[in-house]
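I opened this notebook to keep track of what I looked up, one entry at a time. The entries below are in the order in which I made them.

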Amino acid sequence: MICPMKFVSVLSSLLLAVAAPAHGEADPPIDPAAMDLSAKPGVDFFQYANGGWIATHPIPPEYSRWGSFIELNERNLSTLREILEACSTPDALAHADPGSPRQKLGLFYASGMDLAQVNAEGAKPLQPYFEQIQKLSDASALARVVAGLHLVDADPLFAFSSSVDERDSSTQIGTFSQSGLGLPDRDYYLKTDEKTVGLRSAYRAHVAKMFALLGDDAGTAGRAADQVLDLETKLAQASKTRVELRDPESNYHKVPAAELEKMSPGF
């Protein structure tokens, strides 16, 4: 369960609990109904600060966790969907100004929701990328293909984006981080308990099916799936654990672009 509030100090919470707003004043920044005033903050501050909200917001069955920011995100997604659906109706498209944002949004959404057209095209839109991969001959060519795939948000091998410098909030910098795994976490590749082994087997079958849908025979699809699992396992072995990724100091390695090129000359 995600805490529905930012960090709240004990002092401010205690002041809020005893100081009701006077008539005509604005609502307090923290909703007292989200708190559990029967809990002792010195014993269980989490329950004290969030108990009321948790009691009235059970985790939906389709989610592994729930919180106010997830609620906010879901509401935003619902609003965006309403906007896109309104822009993509035949009447809206017929009356939209050519080249306008409303027309572009409507056409883009309508194209994605046209299941008949999507199914008819199959993997054809991906064919240019498959051809690039098939033509790979050396490491320098691999670097170019990987870079091209990053431009379409595929994120093979690693992740790259722009983000705020964690030691200088006024600066945006390029940021590399680990990525490239098909399963949710490195441990899915490395743990040996019965459940995890079963999940890996099911994942391997899924990957093989994807190759079969692209036209490979069963033997070729199976070998390709083994290669994918082998590569991703090597990436998992080189990946940090979730606990290690929570340490901001050990994950901050700011270097000039020239030094980065020395560290990874192939890229």
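**Entry 1: the loop before the hairpin**

I began with D155, which counts as partly exposed because its relative accessibility is 26%. The model is a predicted one. I found D155 in the loop between α8 (139-151) and β1. I then looked up its backbone: phi of D155 is near 55°, a positive value in a residue other than glycine. I noted this since most residues other than glycine have a negative phi.

I checked L157 next, and it also sits in the loop between α8 and β1. Phi of L157 is near 70°, again positive in a residue other than glycine. L157 is partly exposed, as its relative accessibility is 29%.

**Entry 2: the whole chain**

I stepped back to look at the chain as a whole. I noted 13 helices and 2 strands. Of the 267 residues in the chain, 22% are buried. I also looked up the contacts with a separation of 6 or more: residues 24 or more positions apart account for 36% of them.

**Entry 3: the two strands**

I asked myself in which sense β1 and β2 pair, parallel or antiparallel. Strand β1 (residues 158-165) and strand β2 (residues 168-178) are antiparallel, with 8 bridges between them. I followed the chain from β1 to β2 and found a hairpin that joins them through 2 residues. For one position across the pairing, I wrote down that S161 stands opposite T175 in β2.

I then picked D165, which lies in strand β1. Is D165 buried or exposed? D165 is buried, because its relative accessible area is 2% and the cut-off for buried is under 20%. I listed its contacts, leaving aside neighbours within four places in sequence: T171, I173, Y252 and K254.

**Entry 4: aromatic pairs**

I searched for aromatic pairs and the structure holds 5 of them. One of these is formed by Y63 and W66, whose rings are 4.9 Å apart centre to centre, with 65° between the planes, an edge-to-face arrangement. I looked up how open each partner is. Y63 is partly exposed, at 27% relative accessibility, whereas W66 is buried, with a relative accessible area of 9%.

I went on to F160 and F176, an aromatic pair that is tilted, at 4.6 Å centre to centre and 45° between the planes. F160 lies in strand β1 and F176 in strand β2, so this pair ties together parts that are 16 residues apart in sequence. F160 is partly exposed, with a relative accessible area of 46%. F176 counts as partly exposed too, at 45% relative accessibility. I also noted that ring pairs link F158, F160 and F176 into a cluster.

**Entry 5: helices α3 and α5**

I turned from the strands to a pair of helices. At what angle do the axes of α3 and α5 cross? The axes of helix α3 (residues 68-87) and helix α5 (residues 101-113) cross at roughly 95° and come within 8 Å. The two helices are therefore roughly perpendicular to each other, since angles of 65 to 115 degrees count as such.

I listed the residues that meet there. From α3 they are R81, L84, E85 and C87, and from α5 they are R102, L105, G106 and Y109. Sorted by class, this contact of α3 with α5 has 4 nonpolar, 1 polar and 3 charged residues.

**Entry 6: one residue in α2**

I made a last stop at I54, which is placed in helix α2 (residues 45-56). I54 counts as partly exposed because its relative accessibility is 23%. I also looked up where I54 stands relative to D36: the two are 18 residues apart in sequence, and 9.4 Å apart in space from C-alpha to C-alpha.

**Entry 7: looking back**

I reread my entries and kept three points. The strands β1 and β2 are joined by a hairpin, and F160 and F176 form an aromatic pair with one ring in each of those strands. Just ahead of β1, the loop from α8 holds D155 and L157. Helices α3 and α5 are roughly perpendicular, so I filed them as a crossing pair.

Key. Residues numbered from 1 in each chain as written. Predicted model: local features only at pLDDT ≥ 70, side-chain atom pairs only at ≥ 80, totals over all residues. Heavy atoms only, no water. Axes fitted to C-alpha atoms, helices over the stretch in contact; angles between N-to-C directions. Helix = DSSP H or I, 4+ residues; strand = E, 2+ residues; numbered from the N terminus. Parallel < 35°, antiparallel > 145°, perpendicular 65-115°, else oblique. Contact = heavy atoms within 4.5 Å. Nonpolar A, V, L, I, M, F, W, Y, C, P; charged D, E, K, R; others polar. Pairing = 2+ DSSP bridges. Buried < 20%, exposed > 50% of the residue type's maximum accessible area, 1.4 Å probe, protein only. Phe/Tyr/Trp six-rings, centres within 6.5 Å; stacked < 30°, edge-to-face > 60°.
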